[in-house]
Amino acid sequence: SEIRKELLDAFTNAGDSYLSGQHIAELIGCSRTAVWKHIEELRKDGFELEAVRRKGYRILKTPERITADEIRLGLKTKFMGKNIHYEESVDSTQKIAHRFAYEDVPEGTAIIAEEQISGRGRMDRKWHSPKFSGVWMSLILRPNIPLTKAPQLTLLTAVAVVQAIEEMTDLVPEIKWPNDILINGKKVTGILTELQAEADRIHSIIVGIGINVNQKPVDFPLELQEIASSLLIEKGAPVSRADLIRSIFTHFEKLYLLYLDEGFFPIKLLWESYAVSIGNHLKARTITHTIEGKALGITDEGVLKLEDENGVIHQIYSADIEL
Ligand code: BTX
């Protein structure tokens, strides 16, 4: 807004010195209460402000934004992330991606937001996506594969994200079938794969990636504090979201081209090397029932094989896994 611009200009001109509420009120022509409200809004948007009695306000830190330019600088992919659509605040990047996919945007288009008001997980679950601290991104793909193979893209994406996290940190991420990435047992990433199809042909696959990057423990709602974590928490230092996104584009494109060329097998081998669930006893909760057993691995199609106590091997296409 106009007032926001004037306020930021005033702080720019003040440099390192404090701006009193009275002074700001005069500069932008509003009441002191209104000044206080504008300051609170700045805080909500990620600015760190210091308020000192009798002196006034000073900006300590501006919010860390991702800019498309920052991502593009140094990006060497052929098509992944070449077309970036950036928004500050959205319902869900998946929603935008679905709309774009109909409009025939190029393959590899990425929709990235600083914040999602109603980010979503699988089966209508919520995905917590606070401002300026995560990677909330949807990728549009148009592989020429049958519908039944679409879930393989979830596994491929998990491998790409693990490789990117490994490149950016010295953390050891692990994959929990099919779509969770854990660090020290806590969820740092979720992947949601959706598709648009006509008859049995895939029109687009939309891969949603949510990564907790720079959240502090207090940034998680209570119900997530035990089960979720962020790269910052695990690493003990912030991670550049733009660098992480660029790294995901790079690893993703490599894996995706390999996949289109040679099929799922090489991806499967990589995936298995990062998976925690394989060899372990686990519980798979499908929509209709729960199966307990030992995870034997995934099939060449990406389906989980679970051996129950009677030695019967079940193929699990979609489930929630409890380790
Ligand atoms: P999921 O169904 O496997 O996981 C959802 C569950 O994970 C929730 O029920 C909750 O318990 C937990 N959860 C919610 N938010 C977080 C979080 N920030 N960190 C860790 N755990 C959480 C996973 O679904 C798929 C998530 C995809 C998110 C991306 S973000 C970009 C794109 N847009 C969009 O709306 N969704 C995708």
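This passage describes the surroundings of the ligand and the domain layout in a predicted model. Local features are reported only at pLDDT of at least 70 and side-chain atom pairs only at pLDDT 80 or more, whereas totals for chains, interfaces and linings use all residues. Residues are numbered from 1 along each chain as its sequence is written, and side-chain values use heavy atoms, with hydrogens and water left out.

An automatic or database domain assignment divides the protein chain into domain 1 (2–61), domain 2 (68–273) and domain 3 (281–322). The centres of domain 1 and domain 2, taken over C-alpha atoms, are separated by 37 Å.

The shell around the ligand, in which a residue counts if one of its heavy atoms lies within 4 Å, holds 28 residues, of which Ser-92, Gln-116, Arg-120, Arg-125 and Asn-212 come nearest. At least two residues of this shell are supplied by each of α5 (93–102), β5 (134–141), β8 (186–198) and β9 (201–212), with helices (H or I, at least four residues) and strands (E, at least two) taken as DSSP runs numbered from the N terminus.

Among the polar contacts, defined for the ligand as pairs of N or O atoms within 3.5 Å, an N or O atom in the side chain of Ser-92 lies 2.7 Å from a ligand oxygen atom. Ligand nitrogen atoms are likewise approached, at 3.1 Å by an N or O atom in the side chain of Thr-93 and at 2.8 Å by a polar side-chain atom of Asn-212. Of the 790 Å² of accessible area that the ligand has on its own, 92% is covered by the protein, as computed by the Shrake-Rupley method with a 1.4 Å probe.

How values were computed: A polar contact is a pair of N or O atoms within 3.5 Å; within protein, one must be able to donate a hydrogen and the other to accept it, and residues adjacent in sequence count only if both atoms are side-chain atoms.
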